Structures are given as structure tokens and as C-alpha cells.
Amino acid sequence: MAFVSPEKRGRAKIPFPAMPSRSRWLAKLRPQPRTWPDRFRLSWEEETAFGHPFLFLPLLIALGAILWFSARDPPGALILAVLSCVFCIASIALLWRPGLLCAGIIVATSLLLGATFAAFETEGSPTVLLDSPVTTTLTGRILSREISGRNAYRYIVALQRTEAPTLRRPPATLTLMVRKGRPANVGETIRGRARLSPPSGPALAGLNDFGFDSFFKGIGAVGYAYGKPEILSGAGDDSAGQGSAIDTAWAGLAVWREAIGIRIRATIPGDAGAIAAALVTAEERAIGRDSITALRNSGLGHVLAISGMNMVLAAGTLLVGLRTGLSLVPGLAHRVPIKKIAAAGALVMVCFYILISGGAVSAVRSWIMIVIMLVAVFFDRPSISLRNVAMAALVILAVDPSAVSGPGFQMSFAATLALVAGYARWRERKATAGRRSGNDRFAGIRSFLAGLFLSSLMGGVSTMIYSAAHFNQLPAYGLLGNMLAMPVIGIIVMPAGLMAMLLMPFGLDTLPLIVMGYGIEVMLAVARFVSSLGGQISTGRLPQSAFALIAIGGVVCCLLRTRLALTGLGLVAAGLCIAFLAPSERPVLVIAEDGRLSAVIDGTAGASNRSRPPAFIYGQWTRALRLENHVAPIARADLALPEPAAQEPAPTAETRRRPAFPTAAARASLQRLIGEGTPGRFSCVPDQWCATTSQEGWVIVTVDDRRLIGSACDVADIVVTSANPVFSTCRSGALLASARMLRRTGALEIYADSAMPGGRRIVSAMEGLSRPWQRHRAYDWRRDAYDNDALPSEKSVEPITDEES
């Protein structure tokens, strides 16, 4: 080939290959893998070089804790501790000999550590859960209070004693709703008649167990006061009413926190002030129901929680503001590390924030994460990195492993993980694009808008599966709501709130609070607008396997940076296939755990035996079963049985015996109630019973008067009652779901299944009562002992108070 000069080559447009770079030459010299095992090995070596295997430790420890909490009969803490020590020694011995054996030992060690943490936290919890509902006279000291609507307060009470009756297993701490009388101050002692109940279990199988949450929060009972409790004067001087120094300090912080909330609500009127107080002190109960609904339907419900977003905005505002202010001092930036000084100020601020926020579990998790990121600045380490997120997760799992099963922990870390991983990739892309673009006056604006869109998108997508799994619904336009509201929250609301807190000790907080209120009003307007476009999308209950695959796959996608991240996408795809292809079978009948509420399911309609079913229970049924319509019962007061005349002396409180209804008349009335009713819709005689016939031909009767249980058993196929009859089964063979049975099984779902005896398949919300947060259901107060099998004798009579009767 003849030589051609560069000038002629350019004019003739003869292609001239570019000189390959050094990396390309090295890639050509390096042997390329041809098989999938070789490619996997090289990718894993690259991940190991970046230290990414360490990031999987929190995931494995969390899985170990979840497996222990979900096991029916998990091993004890001592056995797990011994096994963990053995596997830790084996892991250390094999640490310098990488291979499949070493990887398997490390995985097993991490799972055992998670189970060990969970076992020790459970055995170390001193919480005593109330065994059954009771009306008693209590005396207790107020630990904290929170306004809940108009003239209503929700107290956390340290129980001191009970009377009439005296509880054999009294809870140490309980929550009490009081709607009358002068509000009691923190530290005062109150005495009054109250109705107490144990924390409720799952509304259906697979839903949230509130007994689990209460057990690890230390709340042993929930209740409400009858009338106005008496505030005992001078009770604070009694040694029995005084707590430890830590309790006194927390009481002082509670008073301080309440004063801040009152100040904010007094300056900012309406729901805007209640939301502003919630952003600072986590008091959400003063917010109107309409505003809460609008925020949740628009995907902005997370704003109300003291979460990582709130703390990041507050800490970031102070960090940037303080660093900018110090940089304006001539020569100061050259003499002192102003970035570390600003980080120290932000660290002090977030510590103050966690104190006045009440120390909620979600706030503590966010605080730990922010503290680790700020401490990293002192050592000149990247503050925003996956390693810091992993370290924060390890600290929380070691201190509070029970939090791993809650939606707060899962959603906050999923969003943080997605944002940090996305930020790393965005930073690399921005650096590359910056070298290529040169000077662009609109690059900053585009970068801000793109960052806002991507952060909202990643935060929404990463938490979507957890919202569907725990709440069975998704906001229809959550992304739009976050994109419109987050700039207002980040630029106006949180900076103004931070400025108000800094100026409040000097009495100069009025103007910042007014600005904060205007920003919240804009946020509420956005929430109402987005909510009007469409509410929540009901997803129903997800299969546990689908939820696990999607959640783990999402974490893998965020933690890995090579082609191995595609395995995470494969797990997500498999989970989505299971979720969409799984049969969505609805039960024929659902029964609440107290036996007072039942509903017959026909397609997307639920016919209950209550005209106004409790929103707390029925709302969960609606979301889990994807119900759209509620069918109220038909009142049939004309079929009410007359009260029989007493043939014996008047009943006493000890015997609780009342004249029985004539059996023939009761059966005839019930048969008329069934025959004249509409199939699939309850017909109810007030205070006596309700009856209907399902599409499968089952006769279902719910009994309110215990004297009619026997007659219902003779006619119905399924009998539901909140009472405890002297017999445990119906002699006719009908299914009897009494309070005694429901106490051990929890809520029930009954499906039509021809392969099962009687053509019915029963699914209970609880499987066994061996777990500490469920064992209180097996307690027999008559024998003062736990017994899962033995039932009370027929002669034993449960006392009842005048209020109950």
C-alpha cells in the first residue's frame, strides 16, 4: 500500500483507525471468559475488590431474625448463641481461604447471628401483655400524653395497681384514651374506672400483628377511661409513684416536647399547625382525618413520620448553611476545617431532634443512620455510601432486631438504599457528562429537575412492594404528589422549621413558623389535588414468596455494580410472576378475633352483621380482600323474642343466670329470620342474633345473646358468638366459633373446599400460642396458669361488671 499523507488522507476520507487506549489493550491481552462460571467468577472478584460482600451481612442477619420470629417453635437463645460462636470461629478460620465452603459458612453464621439477636431481645423483654379484656379501677402515673382530637388525650400510663378486680398479671405500661375532665400533666398520678384490652392480633392471616409490635414497645394493654379520672393530689411525692432517674428525665423531655407542640399549634392554626407539630414532635393525632387521608392517597403520608427524609433535610440544611456561613469569614476556611465544624453542628442538631421527637422507633433508626454519615465526615470518609448504610443497619439489627419485620424499617432502608445506589451512579454519569458538555448555563437547572424526578421515582418504586405487602394498597399518583410537594418541603418547610427551633429559645420563632405554615398549606393543597385524581390502588394480600423474591431482588440490584446485578432483576421478575399468576381466592366467611364482627364475602362485596363495622378491622379486610362494597344488615326488630318472665329469684352478679328463651319459639324465630332474609345478606334482631345463607348454602348465625347459642346450633351450619358457652362444640355438628376458640385461633377465614370435611377449609390468623407475644391468649386466670388445651370447667363462672352488663 502506498504511503498517503495525513492531509491527503483527510481529503480522501480514508478511514484511519484510532489508537486503542491502555484499558482496551489490557482487555485484549486478558483472556476473555467464555463460559458462565468464568464470567460469574470474574464479576464476583470485581465485587470483592470493591468490598461489596460486606454489604450483604445486614441482609443475611435480617433474614435470620425474620426466620426466627416467624418460626412456630424457634430454638432458644442459649442454643443459638453456642451455634453462633462455633460458626464464627469457623468463619474466622476460613476467612483467608476463599471458596464456596467459606461463603457457605459466612452465610450460615450471619443467619445464626440474626436469629440469636432476635432470641435474646425476645427473652430479655419484660413486657407483660394483658390476657383478656377487663373493666377495672386503675391507678397509674402519666409517662407521656398526646392530644388526640378535640378535648381528648392519649396517655401512656405506668400502672401501679388495679382494684375491683385486681389483675393477677397486670401490664407494666398501657395506653389510655381519656375524653373528659382536666388533662393530667406528665408525672401526675390518675385513678379511675377503665376498660382495658390486650393488643389485637392479625385481622386476617398474614396481616400485621399488633401484639408483636406492642410486646417489643413495652405496651401491655390498650384502653379507654369511663368518665373523668381522678387526679390524685400529692401523688408525685409518693415514692411508689416516682420512677428512676431515667424515667424522670424522659418525663421532663415529654413536658418540653409538649410545650413545643403547643407553641407551634398556637402560632400556625388548623391542620397546618398540627402537621408542623408532627414534623417536629411526631404528634400526629391532632391532624384532621381528611388531611391524613389526602396525604396518604397522594403518597405523602411518609412526611408525617420522623423518618430519614426529615432528618436528612434538617441536618443537610444546617450543614450547608453553617458551612456557607463559615466560608464567608475571610481566611477561616484556610485555618480550620469548616466542613467538620458544620458536621459537628449538624450532629448536635439531630441529637436534639431525636430527643424532642419522642424517641419513636422509626426516628431512632433514622438518627443512627444520620449519625454514622456525619461521623464519617470527621474521618474524611464519604458520608453517602452503601457501606455507611450497611453499618447503620448492623447497629439497628444488633440493638433492635424486632424492627426488621416492621414496615418502617423495611421501607426506610429500602428507600435509603435505592437513593444512595442511584446517587453513586448519577454522580459517575454527571462527572462524565460534565466533561463532555463543557460550559452550559442551564446544566444546573436540568440537574436539579432530573435529580428531583429520579429521587422521587427511586424512592417510590423501592418502597412500592413494602406498601403492597404491609398495607395492601398503593397510592395511584404517589410519584406526582412527591414531585410537586417535595421541593416545597425541602426548600421552605424544613428550613423554616429548623430556623424556628433555633430561634424559639429567644422568642423569635413567630416569623419562621408562619413561613413554615404557608409551605405546609401549599403541601396540603397539592395533596388534595393529587388525591382528587385517584385514591389508593388495592393490591390485596401478596404471597409471601413473591414479597420475599421482589424485596431480596431489589436489594441485590442496589448492592451490586457488575452484571451480577441482573440476578436481582431475575428475582424481581420471578416474584412479579408469582404475584400476578397466584390465584386470588376469597373466603366465604371472615370472622374477627373477638367474634363480634363477621362478613360474608361475595365477589367484591362484603355483607357484615354490623351496620357500621369497626373501621380498624373492616378496613383491613377491605384492603386485603380487595372489597369494593359493604352490604349492611337488614334490621328485623319484629322477630325479636320477648324476654321470658323470671320463675326464680332475681339473678345476682355471682350467678349471672337469666331465664332461658323457650327452645321451640327460638328455633321458629330463627327459621323465619333465615327464610325471609336475602341470601348473602345478614338479617339481624338487635341484641339477639343475625342470620344469613351463603351462596354455598351454608346457614350462618351470629349470636349476641348467649342464651340463644343452643338454638342456633340446632339450625345453623356455622355459629359465631363473642360469648363463652358451657359447651365447646355443637351437638348437631355445626361449627361453633366461640370466644374461647377465637382466643386461641385469632381471626378466621372459611373457604369452600369439597376436599375437606364438611366442605369447609378453615384458615386461622395464628398457628399455636408458643410465641411470647401470643402466650397471653393461653393464660387461664382461674387457674393462674398457661394451658393451651384445657378449657375452663362448666361450673366456673366468669365475673362480669355492671358496665359490661
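## A walk from helix α9 outwards

Let's start with helix α9, residues 270-281: its 12 residues reach 17 Å from the first C-alpha to the last, close to the 16 Å expected at 1.5 Å a residue. Keep in mind as you look around that this is a predicted model. What sits around α9? Mostly protein: 10 of its 12 residues are buried, so the helix is largely enclosed by the rest of the structure. The buried stretch includes Ala272, Gly273, Ala274 and Ile275, and carries on through to Val280 and Thr281. Right after the helix comes alanine 282, with a positive phi near 70 degrees.

Now follow Ile275 inwards. Along with Ile264, Ile520 and Met523, Ile275 is among the residues with the most contacts inside the largest nonpolar core, a set of 53 residues. Quite a few helices chip in here: α8 (245-267), α9, α10 (289-297), α11 (308-327), α13 (338-356), α14 (361-378), α18 (478-503) and α19 (510-533) each supply at least two residues of this core. The largest share comes from α18, with 10 residues.

Isoleucine 520 is a handy place to see how α9 fits in. Setting aside neighbours within four places in sequence, isoleucine 520 is in contact with Ala272, Ile275, Ala276 and Leu279, plus Val493. There's also a second, separate core of 45 residues, and Leu397, Val404, Ala565 and Trp773 are included in it.

Time to leave the helices for a sheet. Six strands line up in the order β13-β14-β15-β16-β17-β18, forming an open sheet with mixed pairing. At the edges stand β13 (634-635) and β18 (735-737), each with a single partner strand, so one side of each is left without a neighbour in the sheet. Further in, β14 (residues 683-685) and β15 (residues 689-693) run antiparallel and are joined by three bridges. One bridge to look for pairs cysteine 684 with cysteine 690 in β15. Helix α23 (residues 663-675) lies across β14, β15 and β16 (699-703), running at about 50 degrees to β15.

Finally, zoom out to the whole protein chain, which has 25 helices and 22 strands. Of its 805 residues, 44% are buried. Take the contacts between residues at least 6 apart in sequence: 65% of them join residues at least 24 apart. As for the outside, the chain exposes about 41700 Å², with carbon and sulfur atoms supplying 62% of that area.

Notes:
Residues numbered from 1 in each chain as written. Predicted model: local features only at pLDDT ≥ 70, side-chain atom pairs only at ≥ 80, totals over all residues. Heavy atoms only, no water. Helix = DSSP H or I, 4+ residues; strand = E, 2+ residues; numbered from the N terminus. Expected span 1.5 Å × (residues − 1). Buried < 20%, exposed > 50% of the residue type's maximum accessible area, 1.4 Å probe, protein only. Pairing = 2+ DSSP bridges. Contact = heavy atoms within 4.5 Å. Axes fitted to C-alpha atoms, helices over the stretch in contact; angles between N-to-C directions. Areas by Shrake-Rupley, 256 points an atom, 1.4 Å probe, with all protein chains shown as cover. Core = buried A, V, L, I, M, F, W, Y, C linked by side-chain atoms within 4.5 Å.
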